[in-house]
Amino acid sequence: MKLGAYYNETYALRYLSLSPSTVQGYESSYHLHVEPQWADWEMHEIRVRHINTWLATAFVDNPGGAEKAYKVLRQILRSAMADECYPDDVVDPTTRGVRLPRKPWRGEPQHLTPKEVKKLLLGVQGWEYEPVVVCGVWMGLRRCEACGLQWGDINLKTGLVHIRRGLQYIKGQVVETGVKTHRSMRPHMLPRTGVMRMREIKRERRARSTDWIMGVEFGVDVNPDRYARRLRAFCKREELVCVAPKYFRHTFSTNHDRAGTKDEYIQKMMGHEEFQTTYRYMSLDEDVLREAQRAHERLILRA
């Protein structure tokens, strides 16, 4: 069976169970990279040497694209095996010696220091997207989670916040989605400073519980992509250190680790299945490294 026919007739049906943003990424990679190369191939004729040649020649300047494209190809082939559309006597090529191009190291993920976080929170006061920044920074939320909060999700007496949904910009439309995984549907907590500021904003805007914290009710465009662009422009104009909203999670985990919060608590707050995922969001800044090395130095000199 040809890969393109299997994709259109069978495989695409599995997208019904995935989030719209995930589907958009998979479809884009398939149509851009996988379909032109493999759609007319009989699936069982795709072997390791063919895959390695494709990865080595088609992604010379795009190793990140190679990883995503191969992931999609691998999923299609394995799905075909599960659906019994692949010969039983042909070995699965995706388990044997596939070589992905090496991706360049881009350094540690961006994050804000405690001082930069404080300056950002003070700098955005009164700005149209301030509630999203406050929640994103204080709770380390994914951008879609912060944009998907409604005022009714936040208990402004206790600070308890329920993460229930996301907002994403997909194919030219703002779409309300579910959370990423079941771990992501979690309770969280705004600290006292965040609660006090959110109370003031809600009072100023006369917000109802069903209103988005970022919403047209207050003259704000409900578009996560536009929020990210305007945050970058705002910080540049106000001379604030800025990172993209997705890096608020890196800031949150790094600064919590620095504050001595237990690893399992950070993991729960971020909604991760495993701590290994949380660990990738953490960075060691100069102060942490300096403090650790001073302790190491004292140990050696006292010996």
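The protein exposes about 17500 Å² of surface, of which carbon and sulfur atoms supply 50%. The structure described here is a predicted model.

**Overall form**

The fold contains 13 helices and four strands. Along the principal axes, the C-alpha trace spans about 65 × 65 × 35 Å. Of the 303 residues in the protein, 41% are buried. Among contacts with a separation of 6 or more, 65% are made by residues 24 or more positions apart. The side chains include 49 positive and 38 negative ones, and the centres of these two sets lie 6 Å apart.

**Nonpolar cores**

The largest nonpolar core has 41 residues, and L120, V133, M198, Y227 and F248 touch the most other members. Five helices each supply at least two residues of this core: α5 (114-123), α6 (130-139), α7 (143-147), α8 (192-205) and α9 (224-237). The largest share, six residues, comes from α6. Apart from this core lies another, of 26 residues, which includes Y30, V34, Y70 and A80.

The surroundings of Y227 may be described in detail. Leaving aside residues up to four places away in sequence, Y227 touches Y129, V132, V133, R143, C147, M214, P245 and F248.

**Aromatic pairs**

The count of aromatic pairs comes to 12. Two of them are set out below.

| Pair | Arrangement | Centre to centre | Angle between planes |
|---|---|---|---|
| Y6 and Y11 | tilted | 6.5 Å | 45 degrees |
| Y129 and Y227 | tilted | 5.4 Å | 45 degrees |

The pair of Y129 and Y227 ties together parts that are 98 residues apart in sequence, because Y129 lies in the loop between α5 and α6 whereas Y227 lies in helix α9. Both Y129 and Y227 are buried.

The pair of Y6 and Y11 is likewise formed by buried residues. Residues under 20% relative accessible area count as buried; Y6 has a relative accessibility of 0% and therefore falls in this class. Y11, with a relative accessible area of 1%, is buried as well. Y6 and Y11 also belong to a cluster in which ring pairs link Y6, Y7, Y11, Y15, Y26 and Y30. Y30 from this cluster is also among the residues of the 26-residue core.

Conventions:
Residues are numbered from 1 along each chain as its sequence is written. This is a predicted model: local features need pLDDT of at least 70, side-chain atom pairs count only at pLDDT 80 or more; totals for chains, interfaces and linings use all residues. Side-chain values use heavy atoms; hydrogens and water are left out. Buried means under 20% relative accessible area, exposed over 50%, partly exposed in between (1.4 Å probe, protein chains only). Contact means heavy atoms within 4.5 Å. Accessible areas come from the Shrake-Rupley method with a 1.4 Å probe; for residues, only the protein chains shown count as cover. Lys and Arg count as positive and Asp and Glu as negative; His and the chain ends are not counted. The place of a charge is taken as NZ of Lys, CZ of Arg, CG of Asp or CD of Glu. A nonpolar core is a set of buried Ala, Val, Leu, Ile, Met, Phe, Trp, Tyr and Cys residues joined through side-chain atoms within 4.5 Å. Rings of Phe, Tyr and Trp (its six-membered ring) pair if their centres lie within 6.5 Å; planes under 30 degrees apart count as stacked, over 60 as edge-to-face and the rest as tilted.
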